[in-house]
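Please read the following report with the sequence and the structure side by side. It deals with strands, sheets and the nonpolar core.

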Amino acid sequence: MDTAPATPGSDSSNPTRRVAGLTDLPPGELLAVAAPDGTRVLLANVDGEVHAVANECSHEFAPLEEGELEDDSVVCPWHFSRFCLRTGKALDMPAVDPVATYAVQVVGDEIHLGPRRTPA
Ligand code: FES
């Protein structure tokens, strides 16, 4: 049974779910969470702004949570492609395909994940 609370005021056309507390993700940090559908998602706190992307590199599927946050991008731990956390775009070879991004809402001290967006 899914017991995660929905965002107050949300509706079925724009559902969001709590995936972490804001204190779990200080500025400059990465955090792996699971989306409501079980998909692995990476949260990143860029100077107080929370972003969410698929937690799997589009090149050879490295876990991006093991990478490094660099400005507003995450660096893949295996072959060092960078992905823009705002758009999901691959910024360096060898990755060429983007990673999916997710809508994020900060509700009080909670991080809520919204729908998956189409990769840029
Ligand atoms: S697995 Fe990420 S760049 Fe190769």
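## Strand pairing and core

In this predicted model, strands E2 and E3 pair in the antiparallel sense over five bridges. Within this pairing, Ala-32 of E2 has Leu-42 in E3 as its bridge partner. The hairpin that E2 and E3 make has five residues between the strands, and there Gly-38 takes a positive phi near 90°. Side chains alternate along E2: Leu-31 and Val-33 are buried and point to one face, whereas Leu-30, Ala-32 and Ala-34 point to the other face and are not buried. In a regular strand such alternation between the two faces of the sheet is the general pattern.

The hairpin strands belong to an open sheet of six strands, in the order E1-E9-E8-E4-E3-E2, with antiparallel pairing. Its edges are strand E1 (17-21) and strand E2 (30-34), each of which pairs on one side only. On average, and with direction ignored, neighbouring strands of this sheet are turned by 35° against each other. Further along the order, strand E4 (residues 49-54) and strand E8 (residues 101-107) run antiparallel and are joined by two bridges, with Ala-52 standing opposite Tyr-102 in E8.

A second open sheet has three strands in the order E5-E6-E7, and the pairing is again antiparallel. Here strand E5 (68-70) and strand E7 (82-84) are the edge strands, each pairing on one side only, and neighbouring strands are turned by 30° against each other on average, direction ignored. E5 is joined to strand E6 (residues 73-75) by three bridges, and Glu-70 has Ser-73 in E6 as its bridge partner.

The bridges of three antiparallel pairs are set out here.

| Strand pair | Bridges |
|---|---|
| E2 and E3 | five bridges |
| E4 and E8 | two bridges |
| E5 and E6 | three bridges |

Which residues have the most contacts inside the largest nonpolar core? They are Val-41, Leu-42, Leu-43, Ala-52, Val-53, Val-74 and Phe-83, in a core of 23 residues. E2, strand E3 (40-46), E4 and strand E9 (110-117) each supply at least two residues of this core. Leaving aside residues up to four places away in sequence, Val-41 touches Val-33, Ala-34, Ala-35, Ala-52, Ala-54, Asn-55, Tyr-102 and Leu-113.

As for confidence, the mean pLDDT of the protein chain is 89, and 88% of its residues reach 70 or more. Over residues 1-12, however, the pLDDT is below 50, and this stretch has 14 contacts in the model beyond near neighbours in sequence. Where pLDDT is low, the predicted coordinates should not be read in detail.

Definitions and conventions
Residues numbered from 1 in each chain as written. Predicted model: local features only at pLDDT ≥ 70, side-chain atom pairs only at ≥ 80, totals over all residues. Pairing = 2+ DSSP bridges. Helix = DSSP H or I, 4+ residues; strand = E, 2+ residues; numbered from the N terminus. Axes fitted to C-alpha atoms, helices over the stretch in contact; angles between N-to-C directions. pLDDT = per-residue confidence, 0-100. Contact = placed C-beta atoms within 7 Å. Core = buried A, V, L, I, M, F, W, Y, C linked by C-beta atoms within 7 Å. Buried ≥ 20, exposed ≤ 12 C-beta atoms within 10 Å, placed from the backbone.
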